[in-house]
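Got your viewer open and a cursor ready? Let's walk through this model stop by stop, selecting a few residues at a time.

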Amino acid sequence: HNERLKAKYGEEVAKKMRRREMRDDKFGPKPGKEKEDPSTPDVEWWDAPLLMNGTYEDVDEDKCNLVEEKISVYVEHPVPIEPPAEAPPPPPQPLKLTKKEMKKLRTQRRQAREKEKQALIAQGLLEPPKPKVKISNLMRVLGEEASMDPTAIEKEVRKQMEERQRAHEDRNLARQLTPAEKREKKLKKMFDSDVPNETHVAVFRIRRLDNPQHRFKVDVNARENRLTGVCLITSDMVLVVAEGVPKAIKRYSKLLLNRIDWNADVETSATTSTFDKRHNTCECVWQGIIAKPNFRKFRVEDCELEALARRTLAGAGVEHYWDMASNVPET
């Protein structure tokens, strides 16, 4: 690691970076904008009644100040708390019909509509429809009237046919969706989720991200899929954290794991070896569900040191993602 820093930044800069990294490893990162997790209490509720002063300082290697009256032979089983993002029970499914039964129902509905229409015509509440005359049934429908002036009758018939065709096209046009409705339907199809309170997370580890085309795809596709998260680029590895709805996570995972050729040729600097270029890989470290997203948007950050990457993750309360990716064995 030290030799790589020397080759990339020079000896003086490498020494400063190494001293800073050793200081962060010893004393921890400098206090910054790290947000504390409000869900982590100072004392767990099941330990509080047993501690004399209500803090963990009562229990040490040298002392053990406990309220012994609270200790008994009984075992307390806490009441299970429902998780905030658990899926609701599925709604009752309608009875599935066979194709023959669906065809029979459609026929019955059509016959009922026709009977209702005939009843209104018989009562004089609805005007009877004009005969549907076409060129093929012209003589059969009109009879002697067609023989008297065939040219005028044919002209009238063609006019009626054009009116019917125009009315048919108008009905189709009225049923069509507007551009805004089409856009809304497409977005609903792409980003709709069965459980609205769930946020799916996927953590990926990439060996290198030197190819600018790959970096562009990782960034732009995350934004187009409305994902939040971060892409941390270090000299040892690249960590990608993506948060979003299940459909978007599935599309993004397919892009990183299947569609992108991570071994594509790219002009690299002298610090990138042929071995790294040839064996560049991307793998999914972890995938799961959380109650709410930890990031506001997706961004790409270049971190010279591992401590800087950890500090960025600690600010969102997900520093353990880096440990998970670091502990995955090389393939």
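Select Gly317 to begin: this glycine comes after helix 11, and its phi is positive, near 75°. Helices here (H or I, at least four residues) and strands (E, at least two) are DSSP runs, numbered from the N terminus. Before you click on, know that this is a predicted model, in which local features need pLDDT of at least 70 and side-chain atom pairs count only at pLDDT 80 or more, while totals for chains, interfaces and linings use all residues. Residues are numbered from 1 along each chain as its sequence is written, and side-chain values use heavy atoms, with hydrogens and water left out.

**Stop 1: helix 11**

Now colour residues 306-315, which make up helix 11. Which of its residues are buried? They are Ala307, Ala309, Thr312, Leu313 and Ala314. Buried means under 20% relative accessible area, exposed means over 50%, and partly exposed is in between (1.4 Å probe, protein chains only).

Next, show the side chains of Glu306 and Arg310, which meet in a salt bridge at 3.0 Å, N to O. A salt bridge here is a side-chain nitrogen of Lys or Arg within 4 Å of a carboxyl oxygen of Asp or Glu. Why are these two about one helical turn from each other? Because Glu306 and Arg310 are four residues apart in helix 11. Glu306 is partly exposed at 27% relative accessible area, and Arg310 is partly exposed too, at 22%.

Keep Arg310 on screen and add Glu319: their side chains also form a salt bridge, at 3.6 Å, N to O. Glu319 has a relative accessible area of 33%, so it is partly exposed. Add Asp323 as well, and you have one network of Glu306, Arg310, Glu319 and Asp323, joined by salt bridges that share partners.

**Stop 2: a long-range link**

How many salt bridges does the structure hold? There are nine. One to pick out is Arg215 with Asp302, whose side chains meet at 2.9 Å, N to O. This pair links distant parts of the chain, with Arg215 in helix 8 and Asp302 in strand 5 (residues 298-302), 87 residues apart. Side chains of opposite charge can pair when their charged atoms come close. Arg215 is partly exposed at 30% relative accessible area, whereas Asp302 counts as exposed at 53%.

Stay on helix 8 and click Asp219, which lies there as well. Is Asp219 buried or exposed? Its relative accessible area is 18%, so it is buried. Leaving aside neighbours within four places in sequence, Asp219 is in contact (heavy atoms within 4.5 Å) with Phe298 and Val300.

**Stop 3: the loop after helix 8**

Select Asn225, in the loop between helix 8 and strand 2. Loop or not, Asn225 counts as buried, at 8% relative accessibility. Apart from its neighbours within four places in sequence, Asn225 is in contact with Phe191, Ala248 and Arg251.

**Stop 4: the nonpolar cores**

A nonpolar core is a set of buried Ala, Val, Leu, Ile, Met, Phe, Trp, Tyr and Cys residues joined through side-chain atoms within 4.5 Å. The largest one has 22 residues, and Val218, Cys231, Val240, Tyr252, Leu256 and Trp262 touch the most other members. At least two residues each come from strand 1 (199-206), helix 8 (212-224), strand 2 (228-233), strand 3 (238-244) and helix 9 (246-259). Helix 9 gives the most, with five residues. There is also a second, separate core of 18 residues, which includes Val230, Phe295, Ala309 and Ala325.

Zoom in on Cys231, which counts as buried at 0% relative accessibility. Not counting residues up to four places away in sequence, the residues it touches include Leu209, Val218, Phe298 and Val300. A disulfide is a covalent bond between the sulfur atoms of two cysteines. With the cut-off used here (a pair of cysteine sulfur atoms within 2.5 Å), the count comes to zero disulfides. For Cys231, the nearest cysteine sulfur is that of Cys303, 9.5 Å away. For contrast, click Cys64, which counts as exposed at 51% relative accessibility.

**Last stop: helix 3**

Finish at Met102, in helix 3 (residues 99-122). Met102 is partly exposed, with a relative accessible area of 38%.
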